[in-house]
Amino acid sequence: MDDISKEIFIREFEKAIFQENAAIFAGAGLSQNSGFVNWKELLRELATEIKLDVEKESDLISLAQYFVNGRSGSKHELLTLILQKFSHNYVKNDPMDILASMPIKTYWTTNYDNIIEKCIEKQNKEYDLKISDSNFSTTKDNSDVTIYKFHGDSRTPDSIVLTKDDYSSFYSTHQLFINALTGQLLTKTFLFIGYSFNDPDFLQILSSIRAIAKNVRTHYCITKRIDSFEIEKKYSETPENTPEKKKLKIEYDNCLYEIEKQKHIVKDLKRFGINTVFVDDHKEIPRLLSQIQKKNATRKIFIAGSCRDYGVWTEQDAAILMSKLGEKLIKKGYHISTGLIEGVGPQVVSGALHAIAERNFDINKYLSIKTLPLIKGKAEHIDHDAKKMYQDDMIKKVGIVIFLFGNNFYDGQLKVSKGVLGDYSRALEHRKYIIPVGATGYAAKVILEEVELNIEKFYYLKNFILRLNTETDPDMLVNTILETIEHIRDFEYDNLLELSPLS
């Protein structure tokens, strides 16, 4: 089958998120996680009323039209039903919560509910909602996310697209939607989740893109693999020449048919650049998305440290260590943030800037510098709560915190830095991965020793802690830090939810 591996999908879609080129297209399957009905369940009662069986109908658009026809063309009852079915309180939705936590700025959906909006709100993000073409003339200030409700919203019943009449007029009533989606399918990498690809208007957009674009962009969809194992097992265990055996034979044959059909669908979607990622169970989807979340978070690294005295290190070797670390992190595609504290921050930033200039990278995408506004080297003038919020924010936005050196003068005496130990406490509080480079001494050494005593909580450091504690060659130590980061990012997918600090 022409599906794509989970590893490739995770790597490539996370890269699209980092490059700010990712978009989500959510279908009814996503909303079902929160208890909302799918199309078939929505129309079940209406089908019975017009003496049809929803289980026998594959064209649900026509089914909705038949019901409206029976009401002299009035959609009132249909829209009232939609308002009832999609107005219950928000229920936790793990896949959408994970997606909303990532820096994805574009969401498209054919769903009528407000699950996406609620999950975005939980992340304290602002969204700009597009329900009709008239919304395109205005843009909400300071919005973090744009949500396109392709088929309308239950709170504005007149916007709902559901019947054949609605679909027939779609190209005239939703031209700006069509133009926007067409452009984004050509410029962004979409992840289709809970979507069945049976909307005629969307398929027409895909066909028009394929007709004008020689090379379509790569997209992904997550789909549950149809498997005959359970029904085959039941069939083989059931006695011959029994009614149950005959019933299972029909189910088994239907299952084999659906497996073959799925193969054709997967192959057909590749015509439009849409690669299928199979899962064996829908419960696997949050795990898959969590791995993308983890990779995206751990692409952002905070360098914590300060130094008034390099101890056993010469100033030259210490500068080489920190400059090369900054340079190699950037060249590996990581984003560095730092408080630019004396003795560590400037050296790391120097190496980072060299790599950014050499590769002609966007500096804002790869480097963030957030320093406390000190007066005469002190922060006593800053309100305690404001200072905590500022310092927490630096840690919250990264996935990994690296600790280097960490000393300062207190009453004229060189001691372990309270600020660096504070960064360690914040990293633990916000469940970040930590890499204490104990070989640099001081706070980094204190942190590493504590980690050693609780190594099961820091399982990802087991293979590296000795080298982090003893390596004194700058190049070798930088390589050890990079290996540790790569190990964290690639840690076994199956264990993610049970073990990850970011889960």
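**Strands, cover and one helix crossing**

Mentor: Let's start in the sheet: Val 401 stands opposite Ile 434 in S14. Keep in mind that this is a predicted model.

Trainee: What makes strand S11 and S14 a pair?

Mentor: Count the bridges. Strand S11 (residues 400-405) and S14 share 4 bridges in the parallel sense. Pairing takes at least two bridges, so the 4 found here qualify.

Trainee: Which strands does helix H22 touch?

Mentor: Helix H22 (residues 474-489) packs on the sheet and touches S8, S11 and S14. Its direction makes about 165 degrees with that of S14. Anything over 145 counts as roughly antiparallel, so H22 and S14 get that label.

Trainee: And how does helix H15 run relative to S11?

Mentor: Helix H15 (residues 315-331) lies across S8, S9 and S11, at about 165 degrees to S11. With 145 as the cut-off, H15 is therefore roughly antiparallel to S11.

Trainee: What is the strand order in the open sheet?

Mentor: There are 5 strands, in the order S10-S9-S8-S11-S14, and the pairing is parallel.

Trainee: Why are strand S10 and strand S14 called edge strands?

Mentor: Strand S10 (367-369) and strand S14 (433-436) each pair on one side only. As for twist, neighbouring strands of this sheet are turned by 20 degrees against each other on average, ignoring direction.

Trainee: How do you know that S8 pairs with strand S9?

Mentor: Same kind of bookkeeping: 4 bridges join S8 to strand S9 (residues 335-338), and the two run parallel. The threshold is at least two, so they pair. Lys 300, for one, stands opposite His 335 in S9.

Trainee: What makes strand S8 mostly covered?

Mentor: Of the 7 residues in strand S8 (residues 300-306), 7 are buried. Buried means under 20% relative accessible area. Both faces are covered: Lys 300, Phe 302, Ala 304 and Ser 306 are buried on one side, Ile 301, Ile 303 and Gly 305 on the other.

Trainee: On to the helices. Why are H1 and H14 called oblique to each other?

Mentor: The axes of helix H1 (residues 6-18) and helix H14 (residues 284-297) come within 9 Å and cross at roughly 50 degrees. Roughly parallel needs under 35 degrees and roughly perpendicular starts at 65, so roughly 50 degrees falls in the gap and counts as oblique. The crossing of H1 and H14 is right-handed.

Trainee: Which residues of H1 and H14 meet there?

Mentor: From H1, Lys 6, Phe 9, Ile 10, Phe 13, Glu 14, Ile 17 and Phe 18; from H14, Glu 284, Leu 288, Gln 291, Ile 292, Lys 295 and Asn 296. Those divide into 7 nonpolar, 2 polar and 4 charged.

Key
Residues are numbered from 1 along each chain as its sequence is written. This is a predicted model: local features need pLDDT of at least 70, side-chain atom pairs count only at pLDDT 80 or more; totals for chains, interfaces and linings use all residues. Side-chain values use heavy atoms; hydrogens and water are left out. Axes are lines fitted to C-alpha atoms, for helices over the stretch in contact, and angles run from 0 to 180 degrees between N-to-C directions. A crossing is left-handed if the near helix is turned anticlockwise from the far one by less than a right angle, and right-handed if clockwise. Contact means heavy atoms within 4.5 Å. Ala, Val, Leu, Ile, Met, Phe, Trp, Tyr, Cys and Pro count as nonpolar, Asp, Glu, Lys and Arg as charged, and the others, Gly among them, as polar. Buried means under 20% relative accessible area, exposed over 50%, partly exposed in between (1.4 Å probe, protein chains only).
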